[in-house]
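Here are some friendly notes to read alongside the model. They go through a few sheets and one helix pair, point by point.

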Amino acid sequence: MIDINLIREKPEWVKEQIAKLNDPAASDRIDNIIDLDKRRRQMLAESEAIQAARNKLNKSIGRLRGDKKMDDVTRTAYAVQGAALIADRKYEEAAALLAGETPLTPGEDADAENAMLKLQRRVGEMGARVESIDDYLKGVEADLEQHMLWLPNLPHESTIVAMSEEENKAWPPEGEMREYDFEPKPHWELGPELDIIDFERGVKISGSRAYILKGMGARLQRALISFFLDMARKKGFTELYVPYMVREDMMVGAGQFPKFREQVYHDPEADIYMLPTAEVAITNLHRDEILDEAQLPLNYVAHTPCFRRERTSAGRDVRGIKRVHQFEKVEMYKFTTPETSYAELESLTEAASDILRALQLPFRRLEIVTGDLGFSATKKYDLEVWSPGCKEWLEVSSCSNTEAFQARRANVKFRAEGQKRPQYVHTLNGSGLATPRVIIAIMETYQQADGSIVIPEVLRPYMGGDDVIRK
């Protein structure tokens, strides 16, 4: 969530930043936010003023009734004029009058007791007015919150300004592009031939975009997960086992809701949601907490299945296991100070890159432009591996700095040394890595002419010493 103070102070600048993103509807929300925020503050001020005046009036009425030195004519005049001012919603003037801070004006005679009763009724009506304002205020605040929750994060000044993903900046590839004396096959052919991926039975069980990893295929995935976690642990990440189902406010805190609600699986009876990524759970790990600066950075890593509704498509991503409803992923996550978060982004991206280096898979870093930045990130890098069978680069990791965007939603703060007032942490997330496309890259990169697949050397200890997957 963006700081509303920034919108109040620099609305046109905020609009200019949002215009760099592929989210035209978001810019239109700024004017609504400014209007709702103005109304909210006006109503809050009015409600507080009425309550303060009401408290003052109640005390003054008590004094008015108990003042034995005051004659009934004067008491009646105060009551009549005070009630009239309250009826006109001149609450502060009424409070000042009954407190003796302003003089009475000559008025007509009236019954003292009835005048006092009328005055008390008018003061009671002030309470009803406060309730009416507060009820209306709830609606304004709900509308304001919704507009705020739909606003994407603003791009960092170093993020390349461009609208299309085709304009993402590709860094020079790393690793050796293997040469083959045969035509490399795609994984959707290799898998069934080796009997390690079963597409037909996966679809039979769960429908489209489902598959079964079998035998050495299942072992390969399990080996990768253990390897990913061990790599992260060696770099100082603390391993977590997190719930796979979360409450709605956790999804809001991580920036998944309301924008991506339709992409998430929901259990309506329990009113919980299946994780689209471990990022959701880890973001909320320190929800509503104030950390000490000495604790930061906090580095966490977790393996979870990820569940996502993928739209049916006739495009190239339909074949194989490139885009599926359920997959395994290891997520790395950092809570940092604002001053260190961009250095930590480089560290996080390097941690993910080191996994690909260890697997000896050719890969490249993409510097993501503003129009492809996504919802929560202010700066993002993707890592892509080369798959010679598919003949394309496949994203296996996305490393993002969200600055205080998620922390503001989840209310995660830290107190800097020597400072009384806490501030929001910065949060970063990065895949380390997602398994399906790494499996694709290993199968297609390490395939041999006879259809077998050489197991990368770093994975062999995790696979009982086996070095080749054969028919």
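1. A word on terms before we start: two strands are said to pair if DSSP finds at least two bridges between them. Keep in mind too that this is a predicted model. With that in hand, look at strand 14 (residues 412-415) and strand 15, which run antiparallel and are joined by two bridges. One residue pair to find on screen is K413, whose bridge partner in strand 15 is Y424.

2. Now widen the view to the sheet that holds these strands. It is an open sheet of three strands, ordered 8-14-15, and its pairing is mixed. Strand 8 (289-292) and strand 15 (423-424) are the edge strands, each pairing on one side only.

3. A second open sheet of three strands has the order 5-7-6, here with antiparallel pairing. Its edges are strand 5 (245-246) and strand 6 (266-267), each of which pairs on one side only. Strand 6 meets strand 7 (residues 272-274) in the antiparallel sense, over two bridges. Within that pairing, H266 stands opposite Y273 in strand 7.

4. Is strand 12 (residues 379-387) mostly covered or mostly open? Eight of its nine residues are buried, so to speak of it as mostly covered is fair, given that buried means under 20% relative accessible area.

5. Strand 12 also has two pairing partners worth following. With strand 11 (residues 363-367) it pairs in the antiparallel sense over five bridges, and F363 stands opposite V385 in strand 12. With strand 13 (residues 392-401) the pairing is again antiparallel, over nine bridges; here L383 has S397 in strand 13 as its bridge partner.

6. Please take a look at the turn as well. The hairpin of strand 12 and strand 13 has four residues between the strands, and K391 takes a positive phi near 60° there.

7. Lastly, the helix pair. How do helix 4 (residues 72-87) and helix 5 (residues 91-98) lie against each other? Their axes come within 8 Å and cross at roughly 165°. Angles over 145 degrees count as roughly antiparallel, which means that helix 4 is roughly antiparallel to helix 5. The crossing of helix 4 past helix 5 is left-handed.

8. As for the contact itself, helix 4 contributes Y78, Q81, G82, L85 and I86, which meet Y91, E93, A94, L97 and L98 of helix 5. By character, the residues of this contact divide into seven nonpolar, two polar and one charged.

How values were computed:
Residues are numbered from 1 along each chain as its sequence is written. This is a predicted model: local features need pLDDT of at least 70, side-chain atom pairs count only at pLDDT 80 or more; totals for chains, interfaces and linings use all residues. Side-chain values use heavy atoms; hydrogens and water are left out. Buried means under 20% relative accessible area, exposed over 50%, partly exposed in between (1.4 Å probe, protein chains only). Axes are lines fitted to C-alpha atoms, for helices over the stretch in contact, and angles run from 0 to 180 degrees between N-to-C directions. Angles under 35 degrees count as roughly parallel, over 145 as roughly antiparallel, 65 to 115 as roughly perpendicular and the rest as oblique. A crossing is left-handed if the near helix is turned anticlockwise from the far one by less than a right angle, and right-handed if clockwise. Contact means heavy atoms within 4.5 Å. Ala, Val, Leu, Ile, Met, Phe, Trp, Tyr, Cys and Pro count as nonpolar, Asp, Glu, Lys and Arg as charged, and the others, Gly among them, as polar.
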